[in-house]
Amino acid sequence: MAVHAHPDDESSKGAAMTAKYVSEGVEVLVATCTGGERGSILNPKLQGDPYIEKNIHEVRAKEMAEAREILGVRQEWLGFVDSGLPEGDPLPPLPEGCFALKDVDEAAEPLVRLIRSFRPQVVTTYDENGGYPHPDHIMTHKITMVAFEAAGDADRYPDAGEPWQPLKLYYNQGFNRARTVALHEGLLARGLESPYAEWLERWEESSMPERELTTRVPCAEFFPIRDKALIAHATQIDPDGGWFRVPMDVQQEVWPTEDFELARSLVDTSLPESDLFAGIRENR
């Protein structure tokens, strides 16, 4: 089960890994916390479209339907309202009733219910910083941590179905410094322009600690499926933008994995891993 904040997150974070496991017969469920209704229209070709602006919730739901077909996953909405990304100094208050302002234990209940009905062995989500500090991403982390611990406990959420305990929990760490450096240097070595110079400068200036990449899943052959799913979220991605500036063959050669940080494990496993199911397959 992959727990994400908005429609499109499942396609930008771990999508090639998802497609790989689906190809192996693994059933994958994406839990989408919000409808993305307060998200900006990031594709310049669609900005100013009055239909999209008026019906953004419906449009993003249709984009999600297309993306899940491409990835071959099941998908469920948890039903929360997008909090939006506050901007300004000082930051404005979050809108009343939004996902990020919900009580964490109450907001975890539908995810506990979904875990107990789907019965996943592995759960993926974001780290405590949300991957980046969007309030919905941070809230997604919070409810996933509660749900992972509570789903197997019969005394917690007793009306949310029969208890089920997932065995491993991972944080998506696809946007890591090591990968960015490798792609940057790989492009320059081939005489190509790199879009990552400013990223790396900001990283150097940042005080954020490096995350541990415990698990690197080889899935380069599924990068095209990842990109196709991402492009399905047409309001959220510019097909001519920075996401797609690195040639596919360079990506596949230089960094052929998607990367994760093991946050919880109830099975024995040896780090580093190349499989989210390491320690589970061996004990079946």
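Is F175 buried, partly exposed or exposed? Select F175 in this predicted model and display its accessible surface: the residue is partly exposed, with a relative accessible area of 38%.

Keep F175 on screen and add W243, because the two residues form an aromatic pair whose ring centres lie 5.7 Å apart, within the 6.5 Å cut-off for pairing. The planes of F175 and W243 meet at 75 degrees, so that the pair, being over the limit of 60 degrees, counts as edge-to-face. Now colour the chain by secondary structure, and the pair is seen to link distant parts of the chain: F175 belongs to the loop between β5 (168–172) and α8 (177–189), whereas W243 belongs to the loop between α10 (223–232) and α11 (248–254), 68 residues apart. W243, like F175, is partly exposed, at 44% relative accessibility.

Move next to Y196 and W199, where the ring centres are 5.2 Å apart and the planes stand at 70 degrees, so this pair too is edge-to-face. In this pair Y196 is buried, with a relative accessible area of 9%, while W199 is partly exposed, with a relative accessible area of 35%. The pairs visited so far are among the five aromatic pairs that the structure holds.

The last stops turn to charges over rings. Select R216 together with W255, and the charged end of R216 will be found over the ring of W255, 4.0 Å from its centre. Then select K20 and Y21, where K20 lies over the face of Y21 at 5.9 Å from the ring centre.

How values were computed. Residues are numbered from 1 along each chain as its sequence is written. This is a predicted model: local features need pLDDT of at least 70, side-chain atom pairs count only at pLDDT 80 or more; totals for chains, interfaces and linings use all residues. Side-chain values use heavy atoms; hydrogens and water are left out. Rings of Phe, Tyr and Trp (its six-membered ring) pair if their centres lie within 6.5 Å; planes under 30 degrees apart count as stacked, over 60 as edge-to-face and the rest as tilted. Helices (H or I, at least four residues) and strands (E, at least two) are DSSP runs, numbered from the N terminus. Buried means under 20% relative accessible area, exposed over 50%, partly exposed in between (1.4 Å probe, protein chains only). A charge sits over a ring if NZ of Lys or CZ of Arg is within 6 Å of the ring centre and within 35 degrees of the ring normal.
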